[in-house]
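Work through the exercises below with the model open beside you. Try each task before reading its solution.

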Amino acid sequence: MDASWQEWTAADAARWIVAPVADDDKYSRGVLGIVAGSPEYPGAAVLAVEAAHRAGLGMVRYTGPRAVRTAVLARRPETVTAPGRVQAWLIGSGIDMGRRSFMLLGDLQGSLASGLPVVLDAGALDLVGTHTAPTVITPHARELAALLASREIDTSIAQVRAAPAEWALRAAKELGVVVLLKGAVTHVCDPDGDRSTITAPTHWLASAGTGDVLGGILGALVATHHERLATDAGVLTALAATAAWVHGEAASRATAAVDGGPITALDIAEAIPPVIGALLAH
Ligand SMILES: NC(=O)C1=CN([C@@H]2O[C@H](COP(=O)(O)OP(=O)(O)OC[C@H]3O[C@@H](n4cnc5c(N)ncnc54)[C@H](OP(=O)(O)O)[C@@H]3O)[C@@H](O)[C@H]2O)[C@@H](O)CC1
Ligand SMILES: Nc1ncnc2c1ncn2[C@@H]1O[C@H](COP(=O)(O)OP(=O)(O)O)[C@@H](O)[C@H]1O
């Protein structure tokens, strides 16, 4: 691998975790708007919302389809389902690009037009480049290959899997956004040359929904740092690397709690708070 890729550490991550102070309220801490989940994939919204709450932020607003809202509220009644102001967006998880309704597309485009920092995942990845908001995309190898192919950049899943560092960097430069390319080693980079790897501490992560949990963690970190992001969009890269580190560490703790046995995406979300606590004490 290129020597300029550095492994993100606990000490690096600890710099990006903030706890509330006396004059904070739920709004100053950051509100994350989530446009995710669908009748086909309601669980993705539940997982992203759960992870965002567990990572620590002021509020989550979720205004998706009624059936999905019901599922989200059953798991996390703290979630606000009325529309309103937010400081950051997580969009696309659990959405099938090919089945987006006119209304949903309007919601996605509205989020992007807000100019607020945005985490673009799964079914919203094709919208990258249609706006100027500070953006981080969170594809896995198949999604990155499809996205690049749609921009007439000739590649394949096999090529992305064989050289993830190169393709993540190429995508960041061509698309002008922060790229978090998921895998057993996650690559985070931006067009300015910042680049980090996060090596997953456990392969039990390879199960359905863990990417949705990562999106929730990252969305929460972005919302929490909204004031800094308003003047310095460059910190998005560090926030993305921190989210991947927290995700891996939560998975590590979750499997350790079951003697190294299997874990689910929800187990990972539930293991986030002690990871945040340990980073605050770091
Ligand atoms: N709980 C939830 O709500 C969850 C919701 N989720 C949401 O789902 C959405 C899609 O995300 P994704 O990454 O899974 O799909 P995607 O990149 O389009 O790849 C599809 C490819 O997989 C392949 N394939 C399928 N079955 C296969 C098999 N048995 N064995 C081998 N291959 C198989 C299939 O190949 P094919 O069958 O066409 O040959 C196709 O190429 C996304 O919005 C995400 O957020 C997920 O997070 C999970 C939890
Ligand atoms: N073999 C593996 N070892 C460790 N981590 C993995 C492995 N495969 C995938 N992951 C991690 O698991 C998560 C899977 O996310 P994603 O592919 O979006 O799944 P889903 O769409 O089901 O949520 C990512 O964070 C990725 O880095």
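**Exercise 1. The loop between two strands**

Is Gly183 buried, partly exposed or exposed, and how many C-beta neighbours lie inside 10 Å?

Some ground rules come first. This is a predicted model: local features need pLDDT of at least 70, side-chain atom pairs count only at pLDDT 80 or more, and totals for chains, interfaces and linings use all residues. Residues are numbered from 1 along each chain as its sequence is written, while chains are lettered from A and ligands numbered from 1 in the order in which they are written.

Solution.
- Step 1: take the cut-offs. A residue is buried if 20 or more other C-beta atoms, placed from the backbone, lie within 10 Å of its own, exposed if 12 or fewer, and partly exposed in between.
- Step 2: apply them. Gly183 has 19 C-beta neighbours inside 10 Å, so Gly183 counts as partly exposed.
- Step 3: place the residue. Gly183 sits in the loop between E7 and E8. Helices (H or I, at least four residues) and strands (E, at least two) are DSSP runs, numbered from the N terminus.
- Step 4: list the contacts (C-beta atoms, placed from the backbone, within 7 Å). Leaving out residues up to four places away in sequence, Gly183 touches His140, Ala141 and Pro164.

Now treat Ala184. Ala184 is in the loop between E7 and E8 too. Ala184 has 11 C-beta neighbours inside 10 Å and therefore counts as exposed. Its contacts, with residues up to four places away in sequence not counted, are Ala200 and His203.

**Exercise 2. The annotated site**

Find where UniProt places the feature "binding site", and state how far the residues spread.

Solution.
- Step 1: read the record. The unreviewed UniProt entry puts "binding site" at Lys182, Gly183, Ala184, Val185, Thr186 and Gly211. Positions follow the numbering used here, feature names are shortened, and annotations may be inferred rather than shown by experiment.
- Step 2: check the spread. These residues span 30 residues of sequence, yet they cluster in space, with a largest C-alpha distance of 13.4 Å.
- Step 3: turn to ligand 2. Among the 16 residues that surround ligand 2, the closest are Ala184, Ala200, Leu205, Ala206 and Gly211. Here a residue is near a molecule if its C-beta atom, placed from the backbone, lies within 6 Å of it.
- Step 4: find the main contributor. H9 gives the largest share of this shell, 4 residues.

**Exercise 3. The other ligand**

Which residues come nearest to ligand 1, and which elements give two or more residues to its shell?

Solution.
- Step 1: Tyr41, Gly43, Ala44, Ala122 and Ala208 come nearest, out of 14 residues around ligand 1.
- Step 2: helix H3 (42-55), helix H6 (141-150) and helix H9 (210-224) each give two or more residues.
- Step 3: the shell of ligand 1 holds 5 nonpolar, 6 polar and 3 charged residues. For ligand 2 the division is 6 nonpolar, 8 polar and 2 charged. Ala, Val, Leu, Ile, Met, Phe, Trp, Tyr, Cys and Pro count as nonpolar, Asp, Glu, Lys and Arg as charged, and the others, Gly among them, as polar.

**Exercise 4. The sheet**

Trace the strand order and name the edge strands.

Solution.
- Step 1: the open sheet has 9 strands, ordered E1-E9-E8-E7-E6-E5-E4-E2-E3, with mixed pairing. Two strands pair if DSSP finds at least two bridges between them.
- Step 2: strand E1 (6-7) and strand E3 (59-62) are the edges, each pairing on one side only.
- Step 3: E7 (residues 178-181) and E8 (residues 185-189) run antiparallel, joined by 3 bridges. Val179 stands opposite Cys189 in E8.
- Step 4: E2 and E4 run parallel with 4 bridges. Ile34 has Leu90 in E4 as bridge partner.
- Step 5: E4 also runs parallel to strand E5 (residues 118-120), through 3 bridges. Trp89 faces Val118 in E5.
- Step 6: both faces of E4 (residues 88-91) are covered, with Ala88 and Leu90 buried on one side and Trp89 and Ile91 buried on the other.

**Exercise 5. A one-faced helix**

Why do the buried residues of H13 line one face of the helix?

Solution.
- Step 1: in H13 (residues 272-280), Ile272, Val275, Ile276 and Leu279 are buried.
- Step 2: seen down the axis of H13, they fall within an arc of 100°, so they line one face. The arc is that of the directions from the helix axis to the C-beta atoms.
- Step 3: these buried residues pack against helix H1 (10-14), H3, H9, helix H11 (236-256) and helix H12 (265-270).

How values were computed: Two residues are in contact if their C-beta atoms, placed from the backbone, lie within 7 Å.
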